[in-house]
Amino acid sequence: MTVTTPPDPKAVRPDLDAPGGTQPVARSFGRGGTSSLRVGVATLWLSVIVLLPLAAIVWQAAGGGWRAFGEAVTSRAAIESFRVTLTISVGVTVVNLLFGLLIAWVLVRDDFPGKRLVDAIIDLPFALPTIVASLVMLALYGKNSPVGLHLQHTAWGVAVALAFVTLPFVVRAVQPVLLEIDRETEEAAASLGASGPKVFTSVVLPALLPSLLSGAGLAFSRAIGEFGSVVLIGGAVPGKTEVSSQWIRTLIENDDRTGAAAISIVLLLLSFVVLFALRLVGARAARHEERAQ
């Protein structure tokens with residue numbers, strides 16, 4: 001007669017070695033359940049706050065059909081507002097990219113009296129209501145300018161206002177990355193005979209490129225959708241200072257909500273494409289930097 005040996009419970013269920021038998025399984029289930037709950041709550045909140053309003057604006061833009069959508073975004077006034085918006089926004093983004101990097105560098109690498117105050121002032125445009133920023137610009141660069149610069153109802157006035165509200169995006173994107181850069185690598189490159197500009201372009205800039213692109217994308221997206229800071233200093237002069245957000249307001253005042261929604265969709269798509277493209281370029285640059293190290 002053949003005697004069958006019962007299987008070892010520990011071989012079938014290795015988790016029985018742990019105190020309490022099934023405790024590891026319970027912990028794993030707990031982690032999975034908590035993770036699923038977090039993902040669900042995050043998805044629900046994202047849907048309510050972001051996706052639902054976007055769906056609503058798309059539905060409203062499509063209310064008049066594709067023909068009405070096309071007429072709204074290709075009208076002469078819409079094209080002129082796009083031209084003014086994109087021209088000024090691109091210029092402001094490039095300027096803030098350069099000066100934002102300079103300010104971040106000074107705040108990280110240099111010590112000077114009042115450094116903490118300057119660091120706090122950088123965030124002021126975030127906290128200041130944009131209409132207040134427009135009032136400040138009007139008082140400083142309006143008809144009674146105390147500094148002798150009369151920029152009211154000019155593209156330069158709009159550019160200064162947009163530069164004011166978008167500068168922190170670049171500075172705050174670059175600053176933490178600059179803090180983490182290994183200074184020993186720069187010193188090693190300098191000891192091998194590399195000049196200051198060569199060290200910057202070969203060692204520092206590649207590490208900063210992803211954050212620079214991210215900050216530039218955020219600044220550009222904020223600039224093309226800005227309204228409050230330019231409403232007074234710009235004056236909404238058609239073909240000159242009227243940006244797309246002001247044209248949207250004009251359409252709403254004329255009870256053309258479908259046209260306003262159509263212009264909004266174009267701005268949203270433009271922002272998304274620019275941000276997505278810059279994120280891809282930044283991610284590729286980051287991977288290249290990791291392989292180089």
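This report describes the nonpolar cores and the largest pocket of a predicted model.

**Nonpolar cores**

The largest nonpolar core comprises 16 residues. Within this core, the residues with the most contacts are Val171, Val174, Leu178, Leu208 and Leu212. Three helices each supply at least two of the core residues: helix 4 (76-109), helix 8 (155-180) and helix 10 (196-225). Of the contributors, helix 8 gives the most, with six residues.

Leu178 illustrates how this core is assembled. Leaving aside residues up to four places away in sequence, Leu178 touches Ala104, Trp105, Val108 and Arg109, and also Val204 and Leu208. Leu208, one of these partners, is itself among the residues with the most contacts inside the core.

A second core, separate from the one above, has 15 residues. Among its members are Ala61, Phe82, Leu251 and Leu267.

| Core | Number of residues | Residues included |
|---|---|---|
| Largest nonpolar core | 16 residues | Val171, Val174, Leu178, Leu208 and Leu212 |
| Second core | 15 residues | Ala61, Phe82, Leu251 and Leu267 |

**Largest pocket**

The largest pocket has a volume of about 250 Å³. It is lined by 13 residues, of which Asn96, Val160, Ala163, Phe164 and Leu167 are the closest to the pocket centre. By class, the lining holds 12 nonpolar residues and one polar residue, with no charged residues.

Helix 4, helix 6 (124-127) and helix 8 each supply at least two lining residues. Helix 8 gives the most to this lining, with five residues. Helix 8 is thus the leading contributor both to the largest nonpolar core and to the lining of the largest pocket.

Methods. Residues numbered from 1 in each chain as written. Predicted model: local features only at pLDDT ≥ 70, side-chain atom pairs only at ≥ 80, totals over all residues. Heavy atoms only, no water. Core = buried A, V, L, I, M, F, W, Y, C linked by side-chain atoms within 4.5 Å. Buried < 20%, exposed > 50% of the residue type's maximum accessible area, 1.4 Å probe, protein only. Helix = DSSP H or I, 4+ residues; strand = E, 2+ residues; numbered from the N terminus. Contact = heavy atoms within 4.5 Å. 1 Å grid on protein atoms, 1.4 Å probe; cavity = no way out; pocket = protein on both sides within 12 Å on 5 of 7 lines; lining within 4 Å. Points joined across faces, edges and corners; volume = space filled by probe spheres on them. Nonpolar A, V, L, I, M, F, W, Y, C, P; charged D, E, K, R; others polar.
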